Amino acid sequence: MSQDKPHQNLAIIGHVDHGKSTLVGRLLFETGSVPEHVIEQYREEAEEKGKGGFEFAYVMDNLAEERERGVTIDIAHQEFTTDDYYFTIVDCPGHRDFVKNMITGASQADNAVLVVAADDGVAPQTREHVFLARTLGINELIVAVNKMDVVDYSQDTYDEVVSEVEDLLNQVRFGTEDASFIPISAFEGDNIAERSDETSWYDGEILLEALNSLPETEPPTDAPLRLPIQDVYTISGIGTVPVGRIETGEMSPGDNVSFQPSDVGGEVKTVEMHHEEVDYAGPGDNVGFNVRGIGKDDIRRGDVCGPADDPPTVAETFQAQVVVMQHPSVITAGYTPVFHAHTAQVACTIESLDQKLDPASGEVAEENPDFIKSGDAAVVTIRPQKPLSIEPSSEIPELGSFAVRDMGQTIAAGKVLSVDER
Ligand code: GDP
């Protein structure tokens, strides 16, 4: 795929069944990102089964099948190009742990498409995802009001959904000037690559235009290499191959690297991208690599790989700003939920509640509060129960945010202010 255009990481968010996967399939199809021979094969299969002209349906079936085979780096990172950008979808919509993944996904995502089904409107996960997008610093939101075909392309229904979403954005203080709204049908292809005849009342941008008008993303920081490990494979002929996405910095064969918190290291022998050996990989690249002397049991998912002379930080404790999204009661010191940061999942104790903040102004509202509850923002001190590599958000934002999960849901999200190193 052409990488000479500026790159954008895009998150596709929204309530289950509102059409995220269908929209991704449609985007891949319309931007010609499904290889011609694959489409040709679909076309033949469709004709054999007497369903000529259903190539798009086959793209969708194929995506669904890939999802069932499990998360691989290939499907978690679908790619497509538009006139102006090269996009990577930073998460796999439809994945069971979508919200949890969004913490690693959306913290890297520059912008997001929020899919809201016209026949359902704002639903619980719409709120949850918008809240997270806001906390994790998504810049621009394109709100795609989907399934317009189901509501007969009704302008009234569209207007109602738009105003519901605007209310939601106002609640979480996401500037509505940073959001655009488009009536679409991912299924029928309305207002995605071509302007629909069915929505003559709409004269704003269609989806591909809106994607092209997104602002260019900030150039990556000059932070050192930080590569959270997603998986560790053993591949015959090569040996141990950790895989993951380079968040910051770069990697080349010959580099001396360190894995933290496992605290092992060595020299990088080979780096692979898209099944080919490369001399260099940089931010945003999904790589598999091999390090001299590192065995499969020496490292694990949740480790972060960095330069041996500037290794990833391992926290004894860290101070963070958190926002409580939903918790049935109150959170007090001593609470120990699971923290999800990059690819790591570690139980951490909230050791002290240091300050409660006014969520609107960010100013201190109360020192050492006894408890915090849903809707509160606070500065807290956290002690991981097992070694955890994490960085101050001000230094390496890509490695400085986390989600807090308990009882099967995301109860809080936050940013690391400072780290007290082990
Ligand atoms: P996800 O859970 O958000 O990824 O939703 P899916 O993409 O799996 O879509 C859920 C269901 O809605 C599927 O049966 C889709 O075929 C259907 N769907 C998605 N987009 C549209 C649309 O624009 N119009 C109609 N009629 N159905 C749609």
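Let's start in helix α1, where Arg26 and Glu30 form a salt bridge with their closest N and O atoms 2.8 Å apart. Keep in mind that this is a predicted model. The two residues sit 4 apart in helix α1, so about one helical turn separates them. Arg26 counts as buried because its relative accessibility is 7%, under the 20% cut-off. Glu30, at 30%, counts as partly exposed. The same helix, α1 (residues 20-30), also holds Ser21, where an unreviewed UniProt entry places a "binding site" feature. With a relative accessibility of 16%, Ser21 counts as buried.

**Salt bridges elsewhere**

The structure has 8 salt bridges. Here are three of them, by closest N and O atoms:

| Pair | N to O distance |
|---|---|
| Arg26 and Glu30 | 2.8 Å |
| Arg383 and Glu351 | 2.5 Å |
| Lys356 and Asp376 | 3.8 Å |

The Arg383 and Glu351 pair links distant parts of the chain, 32 residues apart: Arg383 is in strand β18 (residues 377-384) and Glu351 in strand β16 (residues 344-357). Both ends are partly exposed, Arg383 with a relative accessible area of 28% and Glu351 with 37%.

Now for the Lys356 and Asp376 pair, whose closest N and O atoms are 3.8 Å apart. Lys356 lies in strand β16 and Asp376 in the loop between β17 (364-367) and β18, so this pair ties together parts 20 residues apart in sequence. Lys356 and Asp376 are both buried. There's also a salt-bridge network that links Arg226, Asp310 and Glu391.

**Strand β3 and its neighbours**

Strand β3 (residues 86-89) is covered on both faces: Tyr86 and Thr88 are buried on one side, Phe87 and Ile89 on the other. Strand β1 (residues 7-14) runs parallel to β3, joined to it by 4 bridges, and Leu10 has Ile89 as its bridge partner. Strand β2 (residues 79-81) pairs with β3 in the antiparallel sense over 3 bridges. Here Glu79 partners Thr88, and a hairpin of 4 residues joins β2 to β3.

**The nonpolar cores**

The largest nonpolar core has 63 residues, and Leu23, Val113, Leu141, Val165 and Leu211 touch the most other members. Helix α7 (residues 155-171) gives the largest share, 6 residues. Domain 1 (7-213) and domain 3 (314-421) each supply at least three residues to this core. Leaving aside residues up to four places away in sequence, Val165 touches Leu114, Val116, Val122, Val143 and Phe181. A second, separate core has 25 residues, including Ala315, Val322, Tyr335 and Leu353.

Methods
Residues numbered from 1 in each chain as written. Predicted model: local features only at pLDDT ≥ 70, side-chain atom pairs only at ≥ 80, totals over all residues. Heavy atoms only, no water. Buried < 20%, exposed > 50% of the residue type's maximum accessible area, 1.4 Å probe, protein only. Pairing = 2+ DSSP bridges. Core = buried A, V, L, I, M, F, W, Y, C linked by side-chain atoms within 4.5 Å. Domains from an automatic or database assignment. Contact = heavy atoms within 4.5 Å. UniProt positions renumbered as here; feature names shortened; annotations may be inferred. Salt bridge = Lys/Arg side-chain N within 4 Å of Asp/Glu carboxyl O.
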